[in-house]
There are 2 protein chains.
Amino acid sequence: MSQGSAGLAVKRVIVALDPAVEGDVEKLLGIARLACREGAGIKVGLPMLALGGSEAVSEAARLCSGGGLRVLDLKLADIGYVMRLAVESLARGFDAAIAHAFIGSEGALEELKGALEGMGVRLVLVLSMSHQGSAEVIDPCLDRLISVATRVRPWGVVAPATRPGVIARVRSAMPRTVIMSPGVGAQGGRPGDAICLGGADYEIVGRVVTRSPDPVSALRSVAGSIAERCPERLLPAST
Amino acid sequence: MSQGSAGLAVKRVIVALDPAVEGDVEKLLGIARLACREGAGIKVGLPMLALGGSEAVSEAARLCSGGGLRVLDLKLADIGYVMRLAVESLARGFDAAIAHAFIGSEGALEELKGALEGMGVRLVLVLSMSHQGSAEVIDPCLDRLISVATRVRPWGVVAPATRPGVIARVRSAMPRTVIMSPGVGAQGGRPGDAICLGGADYEIVGRVVTRSPDPVSALRSVAGSIAERCPERLLPAST
């Protein structure tokens, strides 16, 4: 592994900032800046909103305004009207927002996409998830989910590091769409599975970095593992 | 329509409190008490959390503590770990919390159900939605969704007032599960479609009541329409 490929790999790792208790909020906001400066960016969602309020969500985005991808991950899955209200309040300052493809386009994702575009925020659609239960309904419906995504034309999609075969199917169906892969680390995906085996663009890590006594080293260590496995895949990510 | 059936019907109408702008939060909290005293209860979700914070969400539940069903509707659709963090912060004081059946049981709904049970909160699963896009992926997967719900055994399920035929399929598959039906009013469902045609237990109305200059009259008017259509269905709702 060259120094160069490790440097490229770390720009493919997004850090999920999910506080478990109120006392974690400040600590994770401290990691936000590091994750954007050293890594590819941050992902914040419902735990940050619940424990830190909309102020903490906005602050995470602000701390990353010097660079790095800021992803708002509320796993939106409601009617268009409700999702529009939610993103109008919360998505400012973010580069992208995640919603579920399974809710469909008409009266839902088409309205969300319009609302996000008006705010300069890109849409990312979940096509598959990292937990076992994704095999119960989501994965058997993957062709339909890809068909929704093909119609809605999001900037990015989510497919799990825990099932690189699913990522490869998504990559083949949507060759030019950014793929983000959660599930690395605590959920069982090995660093590099998503990028090296599946063809993902970004791997998302949470607790492995945020619970480390040295988050930057933990982030670099994940990146180093990816760089060792497939340095040839690590051209600079498209953004 | 007798006075008695109108009185029973109003106890089948839940009011969705979704603020569109920050100034709506106080107004909707004012309606919370009325909705619980006069009607069946309240449903609050992401717009209230985004605009009023977790304090407003808790306050809505507190205002209904004298009676009425308090439903937290975040349309949860994440891995178990993240949903657990969210409900531990937000679900206290509520009677029920809504999640999507779509995400499956293993590593998701089973963990959520355990977390909710520990807090005395009942689980409600979305099986179908009120917007047109529900026909793209969700409804074609309805048998799988019902199968997840049959395994998870939630207290209640959600099926849309806009498609009473879907409610009837759910009622037939889950005869003893509470069915809540959104989509009445602004979304196109007529009052009574869900209860009278589909066999639902509760109809959920939002803007028709919350944007009325006289929310109590609007609520009673919805109930009156239900009572006229099917007084024979209006035995006291199971809770």
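**Entry 1: the cavities**

A cavity, as I use the word here, is a set of grid points where a 1.4 Å probe fits but cannot get out. With that in my notebook, I looked for such spaces in this predicted model. I found 3 cavities of 30 Å³ or more in the structure.

I began with the largest cavity, which holds about 160 Å³ of space. Which residues sit closest to its centre? I noted L46(A), L74(A), K75(A), L74(B) and K75(B), out of 18 residues that line this cavity. Next I asked which elements each supply at least two residues of the lining. They are β3 (69-76) of chain A, together with β3 (69-76) and α4 (80-90) of chain B. I then sorted the lining of the largest cavity by class and wrote down 12 nonpolar residues, 6 charged ones and no polar ones.

**Entry 2: the second largest cavity**

My next stop was the second largest cavity, with a volume of about 40 Å³. I listed its lining as V15(B), I31(B), L34(B), A35(B), E38(B), V209(B), P215(B), V216(B) and L219(B). Two or more of these residues come from each of α2 (24-38) and α10 (215-229) of chain B. Which element gives the largest share? It is α2(B), with 4 residues. By class, I recorded 8 nonpolar residues, 1 charged residue and no polar ones in the lining of the second largest cavity.

**Entry 3: the annotated residues and K75(A)**

I turned to the UniProt record, an unreviewed entry, and read that its annotation "active site" covers D73(A), K75(A) and D78(A). I checked this set against my first entry: D73(A), K75(A) and D78(A) are part of the lining of the largest cavity.

I chose K75(A) for a longer visit. I found K75(A) in strand β3 of chain A. Is K75(A) buried or exposed? Buried means under 20% relative accessible area. K75(A) has a relative accessible area of 11%, so I marked it as buried.

What does K75(A) touch, leaving aside neighbours within four places in sequence? In chain A, I listed contacts with K43(A), I98(A), A99(A), H100(A), V126(A) and M129(A). In chain B, K75(A) is in contact with A77(B) and D78(B).

I also looked at the backbone. Most residues other than glycine have a negative phi. K75(A) is not a glycine, yet I read a positive phi of about 45 degrees for it.

**Entry 4: R153(A)**

I noted another positive phi at R153(A), about 55 degrees, and R153(A) is not a glycine either. I located R153(A) in the loop between α6 (142-152) and β6 (156-158) of chain A. The relative accessibility of R153(A) is 63%, so I wrote it down as exposed.

**Entry 5: helix α4(B)**

I went back to α4(B), which I had met in the lining of the largest cavity. How many of its 11 residues are buried? I counted 8, so α4(B) is mostly covered. The buried ones are G80(B), Y81(B), V82(B), M83(B), L85(B), A86(B), V87(B) and L90(B). I looked up what they pack against and found elements of both chains. From chain A there are α3 (46-63) and α9 (207-210). From chain B there are α3 (46-63), β3 and α5.

**Entry 6: G114(B)**

Then I picked G114(B), in helix α5 (residues 105-118) of chain B. Its relative accessible area is 36%, so I called G114(B) partly exposed. From G114(B) to D24(B) I read 34 Å between C-alpha atoms, with their positions 90 residues apart in sequence.

**Entry 7: how the two chains relate**

I asked how chain A can be laid on chain B. A turn of 180 degrees with a shift of 0.0 Å along the axis does it, with an RMSD of 0.0 Å. That is the relation of a two-fold axis. Which residue of chain A comes closest to this rotation axis? It is G53(A), with its C-alpha at 2.9 Å. I also checked the interface: 100% of the interface residues of chain A are interface residues in chain B too, so the copies meet through the same surface.

**Entry 8: the annotated domain**

Last, I read in the unreviewed UniProt entry that "domain: Orotidine 5'-phosphate decarboxylase" covers residues 12-222 of chain A. I noted that this span is 46% helix and 20% strand. Its end C-alpha atoms lie 10 Å apart.

Note on methods
Residues are numbered from 1 along each chain as its sequence is written. Chains are lettered from A and ligands numbered from 1 in the order in which they are written. This is a predicted model: local features need pLDDT of at least 70, side-chain atom pairs count only at pLDDT 80 or more; totals for chains, interfaces and linings use all residues. Side-chain values use heavy atoms; hydrogens and water are left out. Copies are superposed by least squares on the C-alpha atoms of residues with pLDDT of at least 70 in both. Contact means heavy atoms within 4.5 Å. On a 1 Å grid over the protein atoms alone, a cavity is a set of points where a 1.4 Å probe fits but cannot get out, and a pocket is an open set with protein on both sides within 12 Å along at least five of seven lines; lining residues have an atom within 4 Å of a point. Grid points are joined across faces, edges and corners, and a volume is the space filled by probe spheres set on the points. Ala, Val, Leu, Ile, Met, Phe, Trp, Tyr, Cys and Pro count as nonpolar, Asp, Glu, Lys and Arg as charged, and the others, Gly among them, as polar. UniProt positions are given in the numbering used here, feature names are shortened, and annotations may be inferred rather than shown by experiment. Buried means under 20% relative accessible area, exposed over 50%, partly exposed in between (1.4 Å probe, protein chains only).
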